[in-house]
Amino acid sequence: MNKDIWYSQIFQSSIPLRNLDENKLPKGIASGCLIDYSGKRILLTVSHATGNQENWAVEIGYEKDKGTISYQLGAMWFLHGGSILDLHFKDIDFSYVEVPSDLIAFRQELDFKGNVKKQVQLNVFSPDFDVLPSVDEQYGFSGSVMPSIESHNGQVYFFSEFKVYAGLKYLRKEDEFYVFKLPFTHPGHEHFKGCSGAPIIDTSGNVIALVCSGNERTNEIYGIAISKYRVALDILVGNV
């Protein structure tokens, strides 16, 4: 894939998720991945972000005179794993929910009057669960980080920085996680916090994993392998 096209794919890959308070204002952020699978549209993300089971929503986009439009996700599915032999179970950092088949979201550029100058529709993937990471590939992800809320002229505005990270290299597999090497020194967890749940894609646009965590000392990013939990999605859509 052409480099510019790949960067555009990364830019359009992650779905903005917002944890809304009682006034429908964001009090937390994360990312997600929209996929079409067996005739259903599903949002994938990670449970360490959405596991508080509060009011999480997809930020669809901004409409002048209406403000930010969101789709509230409601109850989500979470997984536990373990062995019945030793009765040891653990939470799996993966969550998902079916959404309307026509749900889409946009990344927008607004002018100072609140007009939409430019927008692109965010990607809905049709994942190939048989694609595995390769040491010969490059990977990337994106998401909003460093949120803040400000008041101006009686209006409340939500701000964040949007980051695109490209050029990651696959290192190894650890349990349900794929480990990737950053092409630069880890800048600190605050630069990735809102990227949790964002899809990690290769240069062909294949979704390989969802961003989970990082290691500042080793400059590594951990992503949960979506292929490992295909059976959970099969149950959701009625394939099994």
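The lining of the largest pocket is a mixture of chemical classes: 16 of its residues are nonpolar, 10 are polar and 10 are charged. These values come from a predicted model. The pocket itself has a volume of about 1,300 Å³, and 36 residues line it, with E59, Y62, T68, L110 and F158 closest to its centre.

It helps to ask where this lining comes from along the chain. At least two lining residues are supplied by each of the strands β1 (15–20), β4 (56–63), β5 (67–72), β8 (106–110), β11 (139–152) and β12 (155–174). Which strand gives the largest share of the lining of the largest pocket? That strand is β12, with eight residues.

The second largest pocket has a volume of about 240 Å³. Its lining is made up of 15 residues, and those nearest the centre are G28, I29, A30, K193 and G194. Sorted by class, the lining of this second pocket holds eight nonpolar, four polar and three charged residues. Strand β2 (26–37), helix α2 (47–50) and strand β11 each provide at least two of the lining residues. Here the largest share belongs to β2, which contributes five residues. Readers following the strands may notice β11 again, since this strand supplies at least two residues to the lining of the largest pocket and at least two to that of the second largest.

Strand β1, one of the contributors to the largest pocket, is worth a closer look. Are its residues buried or exposed? Six of the six residues of β1 are buried, and the strand is described as mostly covered. This holds for both faces: I15, L17 and N19 are buried on one side, while P16, R18 and L20 are buried on the other.

The partners of β1 can be traced in turn. With β2, the strand runs antiparallel and is joined by six bridges. Within this pairing, L20 of β1 stands opposite P26 in β2. The two strands form a hairpin with five residues between them, and in the turn K24 has a positive phi of about 65 degrees. Strand β1 also pairs with β4, again in an antiparallel arrangement, through three bridges. In this second pairing, L17 stands opposite V58 in β4.

Taken together, the pairings link back to the pockets. β4, an antiparallel partner of β1, supplies at least two residues to the lining of the largest pocket. β2, the hairpin partner of β1, gives the largest share of the lining of the second largest pocket.

Notes:
Residues are numbered from 1 along each chain as its sequence is written. This is a predicted model: local features need pLDDT of at least 70, side-chain atom pairs count only at pLDDT 80 or more; totals for chains, interfaces and linings use all residues. Side-chain values use heavy atoms; hydrogens and water are left out. On a 1 Å grid over the protein atoms alone, a cavity is a set of points where a 1.4 Å probe fits but cannot get out, and a pocket is an open set with protein on both sides within 12 Å along at least five of seven lines; lining residues have an atom within 4 Å of a point. Grid points are joined across faces, edges and corners, and a volume is the space filled by probe spheres set on the points. Helices (H or I, at least four residues) and strands (E, at least two) are DSSP runs, numbered from the N terminus. Ala, Val, Leu, Ile, Met, Phe, Trp, Tyr, Cys and Pro count as nonpolar, Asp, Glu, Lys and Arg as charged, and the others, Gly among them, as polar. Buried means under 20% relative accessible area, exposed over 50%, partly exposed in between (1.4 Å probe, protein chains only). Two strands pair if DSSP finds at least two bridges between them.
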